[in-house]
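Here's a quick briefing to read alongside the model. Have the sequence and the 3D view open as you go.

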Amino acid sequence: MHLLVRKRLVALLLPMLLPVLGLLAAAVWLGYSVAAQIAAYPGQPPRWGDVLVAALPALVMLLLLAAMAHLAARNALAPWITLAQSVQARSPKDLGQIAIAPEDPMEVRTMAEALNRLFARAHAERNAQQRFIADAAHQLRTPLAALQSQVEAWALMAHAAPEKTIHLPAQQVDQLRQASRRTTQLANQLLALSRVDSRLGQGEAAQRVDLKSLCETLLESFLDSALEKGLDLGLEAESAHVSGHEWLLRELISNLLDNAIKYTPSGGQVTLRCGKHVGDERQVRAYVEVEDDGPGVPVGEYTRLTQRFYRVPGAQAEGTGLGLAIAEEIAQEHGAALYFGKGANEAGMKVQLLFGE
């Protein structure tokens, strides 16, 4: 038994030792008195008055023992009651740390530390949610304002025209379509990020995921967009399985493919690979890789690619800066890591998702 626990038990039971000894002595005295009466008056029942007088010390000691036990129980429960009252008195928004005194019992300190860890996680999640809302509002404000100003201008022109109609050049219609697509993409990415953040905290049971089958399915879904841009989209897949969540891995690989197709110029090549990688220590690890021969990214920017809403300076294609941030969170959930490097012949970009053992 732990030394501290033994000390606490001694501190609780020692005050009750004297009443217990007194109760035992009173019980012995009561038995002696009854036996003496029976011996003095054989064949006659003991007199109740004498029995009550002999039993009085035992009753007193029993009451004293009950009082001491009550005080000991109250003292033992006092730290727990204080902790419960402290938590109950908090407002729903109060996620501050519970004060822990050195003299509190070990069990109470352990419970308070567990509650503090829970409050810290809840506080971090609330801050993340607030940052997400602020970032979403900031990112959506600009494209929505541009759309609204353009539509408002056309509405004023239409009302001022004699026939209440206007003719728009195809270029302006294309610009409006591109702006609406960017806004829709941003909204979809924000919703995907919110869904990933919320689902990652639910602790869903992992399942066996076939990476080769998943990559084949994703290749088919991205063929049309690659052909429309004049890209050569290829697949090099070997059998590999990991433990995880298929819908999350689909989101991750989709973001990698979308980035590669988006930033690779017409006539370029994008390759999706998956299989097993043998490390320096002969460790076999599953991987997924997306490589392109586009403009690539400066090596100094690699560490910032997974920051939310970050876009490489000078990037030509439209983007939200959320795709790789989502991919990074999903990778961490699966015990994997994202690695960035140059593509073949030191051109383009290669992003590798390397799973654990």
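**Briefing: a glutamine, an arginine and a helix**

The side chain of Q352 makes a polar contact with the side chain of E289, at 3.2 Å. Keep in mind that this is a predicted model. E289 also pairs with R273 in a salt bridge, so let's start at Q352, move on to the charged residues, and finish with helix α6.

**Around Q352**

- Q352 sits in strand β7, which covers residues 349–354.
- Is Q352 buried or exposed? Its relative accessible area is 18%, so Q352 counts as buried.
- Setting aside neighbours within four places in sequence, Q352 touches Y287, V288 and E289, and also A337, L338 and Y339.
- Q352 and L256 are 96 residues apart in sequence, yet their C-alpha atoms are 9.4 Å apart in space.

**The salt bridges of R273**

- How many salt bridges does the structure hold? The count is 5.
- One of them joins the side chains of R273 and E236, with 2.8 Å from N to O. R273 belongs to strand β4 and E236 to strand β2, so this pair ties together parts that are 37 residues apart in sequence.
- The two partners are not equally covered: R273 is buried, with a relative accessible area of 15%, whereas E236 is partly exposed at 45%.
- R273 also meets E289 in a salt bridge, again with 2.8 Å from N to O. Here strand β4 supplies R273 and strand β5 supplies E289, so the pair ties together parts 16 residues apart in sequence. Both R273 and E289 are buried.
- A further salt bridge runs between the side chains of R273 and E291, at 2.6 Å from N to O. This one links distant parts of the chain too, with R273 in strand β4 and E291 in strand β5, 18 residues apart.
- E291 is buried, and its relative accessible area is 10%.
- Put together, E236, R273, E289 and E291 form a linked network of salt bridges.
- As background, side chains of opposite charge can pair when their charged atoms come close.

**Helix α6**

- Does the length of α6 agree with what you'd expect, and why? Its 19 residues (211–229) should span 27 Å at 1.5 Å a residue, and the end C-alpha atoms are 26 Å apart, so the two agree.
- Where does α6 bend? Look at F222, where the bend is about 40°.
- At the start of α6, a side-chain oxygen of D210 comes to within 3.1 Å of the backbone nitrogen of K212.
- Just past the other end of the helix, G230 takes a positive phi of about 75°.
- The buried residues of α6 are L211, L214, C215, L218, L219, F222 and A226.
- On spacing in general, an α-helix has 3.6 residues a turn, so residues three or four places apart point the same way.
- What covers the buried residues of α6? The cover includes strands β1 (207–210), β2 (232–237), β3 (241–244), β4 (269–278) and β5 (284–292), along with helix α7 (246–263).

Definitions and conventions: Residues numbered from 1 in each chain as written. Predicted model: local features only at pLDDT ≥ 70, side-chain atom pairs only at ≥ 80, totals over all residues. Heavy atoms only, no water. Helix = DSSP H or I, 4+ residues; strand = E, 2+ residues; numbered from the N terminus. Expected span 1.5 Å × (residues − 1). Bend = angle between axes of the 7 residues up to and from the residue. Buried < 20%, exposed > 50% of the residue type's maximum accessible area, 1.4 Å probe, protein only. Contact = heavy atoms within 4.5 Å. Polar contact = N/O pair within 3.5 Å; in protein donor to acceptor, adjacent residues only side chain to side chain. Salt bridge = Lys/Arg side-chain N within 4 Å of Asp/Glu carboxyl O.
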